[in-house]
Structures are given as structure tokens and as C-alpha cells.
Amino acid sequence: MAEKDEQVIWYWENLPGVMAGISHKNAGWMNADAVDLKRGAIGRTNRHKFFSKLGFDPDKTVTITGLRHTTNVQAVDSDSAGRIVYGPNGIDGLSTDRPGLVLASTMADCLPLYFYDPMAKVAAIAHAGWRGVLNNMASRMIDHLTAHYPAVGIGSLRALIGPGLRSCHFEVKPDVEELFKANYAEYIDYRENRIYVDLPAIVRYQLSQAGLASDSIVDADECTYDLSNHYFSFRRDHPPKPQSMIAFIVLRNE
Ligand SMILES: [Zn+2]
């Protein structure tokens with residue numbers, strides 16, 4: 001397929017029980033913006049087209065996190081599917097054991113984290129910006145999955161770190177550097193009097209600490225800033241407001 005026609009960047013294509021990916025910028029903004037009604041409406045139209053093409057009814061099956069930079073996770077079932085989920089205190093992670101229910105989260109440089117247990121047949125997605133990484137969304141999600149779904153096991157669970165700002169482009173100011181110093185000092189890079197944090201490497205470390213084997217962790221190794229043909233990037237493009245991709249995961253009907 002010619003790149004101009006690409007709509008999705010796919011992950012875990014070797015795993016038969018799951019579909020996981022993120023929208024290509026060709027598919028347009030996917031902003032799930034409840035405050036800015038105009039942008040929210042454009043995002044909604046683009047999401048409808050995008051998920052309809054993939055064979056999913058956006059109103060009934062696609063559930064989207066509200067993006068509040070928390071580490072809160074919510075389980076999704078047939079009754080709660082098809083909404084943007086904010087929760088009382090913010091929701092940045094979604095899980096399900098129901099095939100055909102799409103879990104999604106919009107991103108503009110933050111990392112999407114995908115989780116899949118092929119034995120338990122459970123999938124999950126998380127939105128992790130620097131606050132989510134700092135507060136260990138990866139292990140919060142694993143705690144949620146193992147508590148909520150008895151069949152999920154640390155030995156069969158897999159995780160994938162999607163595209164976002166990597167250490168090449170995630171520059172921080174001293175106030176953020178200070179926060180990461182406490183537990184993640186070795187993941188801070190100093191180059192030409194600038195400070196960078198390697199968020200994907202921290203997530204990999206957190207996943208390992210939570211018990212995942214290294215061959216159960218995939219890093220897509222993609223920087224949204226660098227891959228300007230594929231992704232929007234807030235840091236690169238400096239748009240007046242974020243332009244988002246949508247990351248998604250869904251268990252296949254068998
Ligand atoms: Zn980069």
C-alpha cells in the first residue's frame with residue numbers, strides 16, 4: 001500500500017488473537033475533546049471514518065480514555081462500551097476481556113502502552129505521558145489486570161511500548177528533571193546543556209520490575225517527533241492545540 005493511503009500503523013501482527021495499532025496522520029486528528037466542541041466534532045468525524053473502515057461501530061464498541069495524566073484504569077464491558085471515559089478522578093487506562101470491544105486513547109507525543117494476555121484473553125491500553133511514566137502507569141496497569149482478571153498471569157502477559165517522544169526529543173526543564181532524579185536518575189541524559197529523559201526505557205524497566213520477561217516486552221522504538229510522515233507531534237509542530245493520533249487494541253472474535 002502506498003504510504004499516502006496508509007491509515008494504521010499495526011503492532012503485534014504476529015499475535016493472532018489481537019489487533020493493536022495507532023492511526024497514521026493520514027487518517028486526520030482523532031482529538032476526543034469535550035471542551036473544544038469544534039475540534040471535538042472534527043475528531044469525532046475522523047474517528048468514525050477510521051473505526052468504521054476497520055469494521056467497528058464507533059458508537060457501540062469504541063471506548064476512549066479521557067486523558068487526565070492519572071494512573072487510573074477502568075474495566076470495560078458491553079454495558080460501558082462506546083464512550084469517552086473520564087471517571088470521577090480521570091481515567092488513563094482501559095481493560096477488557098470482551099472480544100470486539102475496542103479500547104482506545106488519543107496521543108500527541110505521550111506513549112501508548114498496550115497489554116495483552118493471550119492465555120487469559122485480556123487486552124488493555126494506557127496513555128502515559130511523563131506524569132504517567134513518573135507515577136508508574138505500567139505497574140498500576142499490571143496490578144489492575146491481575147486483580148480484576150484472575151486468569152491474567154505475569155508469565156503470559158505481554159506489553160508493547162508505542163510511539164512517543166524518546167530520549168532524542170523529550171527535553172525537560174530542571175523542575176521535571178528533579179522529579180525523575182529520585183527513582184530514575186540513570187534515565188536522564190545531559191547533552192549540550194540540555195536535559196532529556198528516556199521515558200520508554202523507564203517503562204521497560206518498570207515492566208521488568210513488575211515481573212515481565214524481557215522477551216514479553218516490545219518497544220516499537222518510534223519517536224513521534226522524528227517520524228513526521230507518520231505522526232503528529234506537539235513538540236515538533238507547535239500547533240495552537242494538540243493534534244492527536246488514536247491508539248487502540250481489540251481482542252479478535254474467535
Ligand atoms: Zn526523536
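Outside its neighbours within four places in sequence, phenylalanine 56 is in contact with Phe51, Thr61, Val62 and Val102 in this predicted model. The residue sits in the loop that runs between α1 (37-53) and α2 (58-61). Phenylalanine 56 comes out as partly exposed, because 19 other C-beta atoms lie within 10 Å, and a residue needs 20 or more to count as buried. Going further along the chain, serine 167 is 111 residues away from phenylalanine 56, and the C-alpha atoms of the two are separated by 35 Å.

Turning to the interior, the largest nonpolar core takes in 70 residues, and Leu103, Leu113 and Ile125 have the most contacts inside it. Strand β15 (residues 245-251) supplies the largest share of this core, with seven residues. Isoleucine 125 gives a good look at how things fit together. Once its neighbours within four places in sequence are set aside, the contacts of isoleucine 125 include Leu103 and Leu113, the other two residues named above for their contacts inside the core. Isoleucine 125 is also in contact with Gly93, Leu94, Ala104, Ser105, Pro112 and Tyr114. The list is completed by Ala247, Phe248 and Ile249, whose numbers fall within strand β15 (residues 245-251).

Then there is a little sheet story. Three strands form an open sheet in the order β11-β13-β12, and the pairing is antiparallel. β11 (171-172) and β12 (188-191) stand at the edges with a single partner strand each, so one side of each has no neighbour in the sheet. Between β12 and strand β13 (residues 194-197), the antiparallel pairing runs over four bridges. Within this part of the sheet, aspartate 189 stands opposite tyrosine 196 in β13. In general, the strands of a sheet pair through backbone hydrogen bonds, in either a parallel or an antiparallel sense.

Zooming out to the whole protein chain, the tally is seven helices and 15 strands. For 254 residues, a compact globule would be expected to have a radius of gyration near 18 Å; the protein chain has 17 Å, so the two agree. The C-alpha trace spans about 50 × 40 × 40 Å along its principal axes. As for burial, 45% of the 254 residues count as buried. Contacts across the sequence also feature: among those with a separation of 6 or more, 62% are between residues 24 or more positions apart.

Terms used:
Residues are numbered from 1 along each chain as its sequence is written. This is a predicted model: local features need pLDDT of at least 70, side-chain atom pairs count only at pLDDT 80 or more; totals for chains, interfaces and linings use all residues. A nonpolar core is a set of buried Ala, Val, Leu, Ile, Met, Phe, Trp, Tyr and Cys residues joined through C-beta atoms within 7 Å. A residue is buried if 20 or more other C-beta atoms lie within 10 Å of its own, exposed if 12 or fewer, and partly exposed in between; C-beta atoms are placed from the backbone. Helices (H or I, at least four residues) and strands (E, at least two) are DSSP runs, numbered from the N terminus. Two residues are in contact if their C-beta atoms, placed from the backbone, lie within 7 Å. Two strands pair if DSSP finds at least two bridges between them. The radius of gyration is taken over C-alpha atoms; the globule rule is 2.2 Å times the number of residues to the power 0.38.
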